[in-house]
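Me: Please walk me through reading a protein model, one feature at a time. I would like the general idea, then the case at hand.

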Amino acid sequence: MSNDGKFEFDSVQDEKSIQAFLAALTEGFGKGRVVLRSDSEEIVLTPGALVSFGVKAKRKDGESKMTIKIAWKDAKSALAAGERAIRVES
């Protein structure tokens, strides 16, 4: 498990591997739990109800790049940062 809450992975993959990764990521979002694991590193993420999503793409000098950014505030972090929660009981 990553001690500092950070996980990084870089490699060269073929198209089928990328498709499998994106399918697993989609499935994880559907289940509300995404687990990233590589060798001795692992991080478990629980996407929130509202997720920030961004895509950037560019092509220059015969090289293409796409960056996908997905971010959310964890429920505990949002409350710790001073966001207020309301609870109604009857």
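Me: Let us start with accessibility. What does Lys 6 count as, and at what relative accessibility?

Reply: Lys 6 has a relative accessibility of 47%, so it counts as partly exposed, because the exposed class begins over 50% and the buried class lies under 20%. Keep in mind that this is a predicted model.

Me: With which residue does Glu 8 form a salt bridge?

Reply: The general idea is to look for a side-chain nitrogen of Lys or Arg within 4 Å of a carboxyl oxygen of Asp or Glu. In this case Glu 8 pairs with Lys 6, and their closest N and O atoms are 3.1 Å apart.

Me: How many salt bridges are there by this rule?

Reply: The count is three. Besides the pair just named, Lys 31 is bridged to Glu 27, with 3.0 Å between the closest N and O atoms. Glu 42 is bridged to Arg 37, where the corresponding separation is 2.6 Å.

Me: Why are Lys 31 and Glu 27 separated by about one helical turn?

Reply: Both belong to helix α1 and are four residues apart there, so about one helical turn lies between them. As for exposure, Lys 31 is exposed at 64%, while Glu 27 is partly exposed at 47%. In the Glu 42 pair, the partner Arg 37 counts as exposed, with 58% relative accessibility.

Me: Now the overall fold. How many helices and strands does the protein chain have, and in what order do the elements run?

Reply: There are two helices and four strands. Reading from the N terminus, the order is α-β-β-β-β-α. Of the 90 residues in the chain, 10% are buried.

Me: How do I read a pocket?

Reply: Rolling a probe the size of a water molecule over the atoms shows where empty space is left. In this model the largest pocket has a volume of about 1,300 Å³. Its lining has 30 residues, and those nearest the centre are Phe 9, Phe 21, Leu 22, Leu 25 and Leu 36.

Me: Which elements give two or more residues to that lining, and which gives the most?

Reply: The elements are α1 (15–31), β1 (34–38) and β4 (63–71). The most comes from α1, which supplies 10 residues. By class, the lining of the largest pocket has 18 nonpolar residues, six polar and six charged.

Me: Which residues make the nonpolar surface patch?

Reply: For a patch of this kind, take nonpolar side chains with over 30% relative accessible area and join those within 5 Å. Here Phe 29, Val 51, Phe 53, Val 55, Met 66, Ile 68 and Ile 70 make a patch of about 640 Å². Two elements, β3 (52–60) and β4, give two or more residues to it, and β4 gives the most, with three.

Me: Where is Ile 68, and what is its relative accessible area?

Reply: Ile 68 sits in strand β4. Its relative accessible area is 44%, so it is partly exposed, and that value passes the patch cut-off of over 30%.

Me: What about Lys 69: where is it, and is it buried or exposed?

Reply: Lys 69 is also a residue of strand β4. With 59% relative accessibility, it counts as exposed.

Me: How far apart are Lys 69 and Lys 56, in sequence and in space?

Reply: Sequence separation and spatial separation are read separately. Lys 69 and Lys 56 are 13 residues apart in sequence, and their C-alpha atoms lie 8.5 Å apart. Another such pair is Ala 49 and Trp 72: 23 residues apart along the chain, with 8.5 Å between the C-alpha atoms. Ala 49 is in the loop between β2 and β3 and counts as exposed at 84% relative accessibility.

Me: Last, the backbone angles. Which phi value does Asp 39 have, and where is this residue?

Reply: Asp 39 has a positive phi of about 50°, although it is not a glycine. Its place is the loop between β1 and β2 (41–45), and it is exposed at 82% relative accessibility.

Me: And what is the phi of Asp 61?

Reply: Asp 61, likewise not a glycine, has a positive phi of about 50°. It is found in the loop between β3 and β4. Its relative accessibility is 76%, so Asp 61 counts as exposed.

How values were computed. Residues are numbered from 1 along each chain as its sequence is written. This is a predicted model: local features need pLDDT of at least 70, side-chain atom pairs count only at pLDDT 80 or more; totals for chains, interfaces and linings use all residues. Side-chain values use heavy atoms; hydrogens and water are left out. On a 1 Å grid over the protein atoms alone, a cavity is a set of points where a 1.4 Å probe fits but cannot get out, and a pocket is an open set with protein on both sides within 12 Å along at least five of seven lines; lining residues have an atom within 4 Å of a point. Grid points are joined across faces, edges and corners, and a volume is the space filled by probe spheres set on the points. Ala, Val, Leu, Ile, Met, Phe, Trp, Tyr, Cys and Pro count as nonpolar, Asp, Glu, Lys and Arg as charged, and the others, Gly among them, as polar. Patches are made of residues with over 30% relative accessible area and no salt bridge: like charges are joined within 9 Å, nonpolar side chains (Val, Leu, Ile, Met, Phe, Trp, Tyr) within 5 Å. Accessible areas come from the Shrake-Rupley method with a 1.4 Å probe; for residues, only the protein chains shown count as cover. Buried means under 20% relative accessible area, exposed over 50%, partly exposed in between (1.4 Å probe, protein chains only).
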